[in-house]
Amino acid sequence: MFPGGAVVERALAASKADETIVIVTDAAEASLRWAGNSMTTNGSSVSRDWAVVAIFRDGPTAARVGSVRSTSVDPADIEAVVRAAEEAARTATPAADAAPLLDPDGTDAATWEDAPGGTGIEVFTGVAGDLARGFDGPDRLYGFAHHQVHTTWLGTSTGIRRRYVQPTGSVEINGKRGEGADLASAWVGVGTADFADVDTPGLLAELSRRLDWSARRVELPAGRYQTLLPPSAVADLMIYLAWSMEGRGAHEGHTAFSRAGGTRIGERLGAIPLTLYSDPDASGLEYRPFVATPASSEALSVFDNGLPATRVDWIGDGVIRNLVYPRATAAEFDAPATVPGENLLLTGGSDATLDEMIARTERGLLLTCLWYIREVDPADLLLTGLTRDGVYLVENGEVTAAVNNFRFNESPLDLLRRVSEAGATGITLPREWKDWFTRTAMPPLRVPDFHMSSVSQAT
């Protein structure tokens, strides 16, 4: 393909707009599937997605914006996309988030002309070998491994030149044992950048342990239960909380972060000094350290392209510290500009493992993961969803049985108020939001009264 950096330069040179932004993202993907103790499919692909953002200025604080995206890899199409973006800008209404484009703050000149990052099915060699040995066991294994490498080039008419290579990978294994009414199902998963750190034998051992827990079955009614949430389930709840932290919505009274006359910044949520933050430099969870967006939203602005992404504490020591503000929104509400993170970490608990928290539980439930999470009421961030692939009864410090699945109704904000114990933070894979958000590190949490609102027939 025509080099990504060259696409940026050619599009900028062809532009007749007052200002121009060009973003090119090359994606390399590889996947591996298995079912019923047999490899089924594998494959790899490469693709390109790029955009030209044209801006016409109507004054120092007014602008019209047109953005056109393309997947073409033919350099002959570049000028046509530029012209289409310019035409879209000429007929656009004034942009509500208009702001001056940023000047360069360092460049990636040393790597600007480098080829995009790549991947292929060879990245799964170690995982596939360990799985093959697991296929000889008594349980039926199903699952999916996925690796993506996105290389992004960002260039602007003000001189910004940024490039970043982002690897994202995951492994999910589902194990089944028994048949019919005696069928037991369990899930394990892990996120990774390059698969070199994936402990497949360890994942299979944990899967087998959870299936062993299902040898005894107990039916329980809906109600409020002392519940241990593993890191994966915590991640899915915290991701939704982070997605709801848009500053404008909070100021306008639309979200759970609103309060009369302003926002809930400064409010304490609970006794445990938990900190929820995003950091592009977090070890093992690194992400692109600058804004690169072809369209504006409540969380991002095209005028902020190239803005550095830095650590942001959304909740610090149990207190709400920051909301998401593009520069224009931040200026409007006299708030600091913040970039939404592409990772999420929750810290501030003890060094206890989940097994140690189980050992201190007289009676309660242990979840595996959550799925089909949906918002019920944005005013208090009330969510509903289902448990999946293993809910277990804990009695006198031991897991004694598997129980039926439930539908839950909970607000992650309210959970942070009621959490009675948080364990050690570790990198984990969210189950529900994995396709959109992979890089998380969470602790297990103990909630004294998690609301299981009804019994579910899901398995």
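Student: Which residues does the UniProt annotation "domain: Metalloprotease TldD/E C-terminal" cover?

Tutor: According to the UniProt record, an unreviewed entry, that annotation covers residues 223–453. The model here is predicted. Over residues 223–453 the chain is 16% helix and 36% strand, and the C-alpha atoms at the two ends are 6 Å apart.

Student: What is the strand order in the open sheet of 6 strands?

Tutor: Start with how strands associate. Strands of a sheet pair through backbone hydrogen bonds, in either a parallel or an antiparallel sense. In this model the open sheet has the order 3-2-1-4-5-6, and its pairing is antiparallel.

Student: Which strands are the edge strands?

Tutor: Strand 3 (62–70) and strand 6 (184–192), each of which pairs on one side only. From one strand to the next, the twist averages 15°.

Student: How many bridges join strand 1 to strand 4?

Tutor: Strand 1 (residues 19–34) and strand 4 (residues 140–156) run antiparallel and are joined by 14 bridges. To locate the register, take E29, whose bridge partner in strand 4 is Q148. When following side chains from there, keep the general pattern in mind: in a regular strand they alternate between the two faces of the sheet.

Student: Which strands does helix 1 lie across?

Tutor: Helix 1 (residues 4–14) lies across strand 1, strand 2 (39–59), strand 4 and strand 5 (161–177). Its direction is at about 155° to strand 1. Helix 4 (residues 200–213) lies across strand 4, strand 5 and strand 6, and runs at about 155° to strand 6.

Student: At what angle do helix 3 and helix 4 pack?

Tutor: Helix 3 (residues 125–134) packs with helix 4 at an angle of about 35°, the axes being 9 Å apart. Their crossing is right-handed. Helix 3 contributes V127, D130, L131 and G134 to the contact, and helix 4 contributes T200, P201 and L204. By class, the residues of this contact are 4 nonpolar, 2 polar and 1 charged.

Student: Do strand 7 and strand 17 pair in the parallel or the antiparallel sense?

Tutor: Strand 7 (residues 217–218) pairs with strand 17 (residues 398–403) in the parallel sense, over 2 bridges. R217 has A402 of strand 17 as its bridge partner.

Student: What do strand 16 and strand 17 form?

Tutor: They form a hairpin with 2 residues between the strands. Strand 16 (residues 382–395) pairs with strand 17 in the antiparallel sense over 5 bridges, and L393 stands opposite A401 of strand 17. In the turn, N396 has a positive phi of about 50°.

Technical notes. Residues numbered from 1 in each chain as written. Predicted model: local features only at pLDDT ≥ 70, side-chain atom pairs only at ≥ 80, totals over all residues. Heavy atoms only, no water. Pairing = 2+ DSSP bridges. Helix = DSSP H or I, 4+ residues; strand = E, 2+ residues; numbered from the N terminus. Axes fitted to C-alpha atoms, helices over the stretch in contact; angles between N-to-C directions. Contact = heavy atoms within 4.5 Å. UniProt positions renumbered as here; feature names shortened; annotations may be inferred. Left-handed = near helix turned anticlockwise from the far one by under 90°. Nonpolar A, V, L, I, M, F, W, Y, C, P; charged D, E, K, R; others polar.
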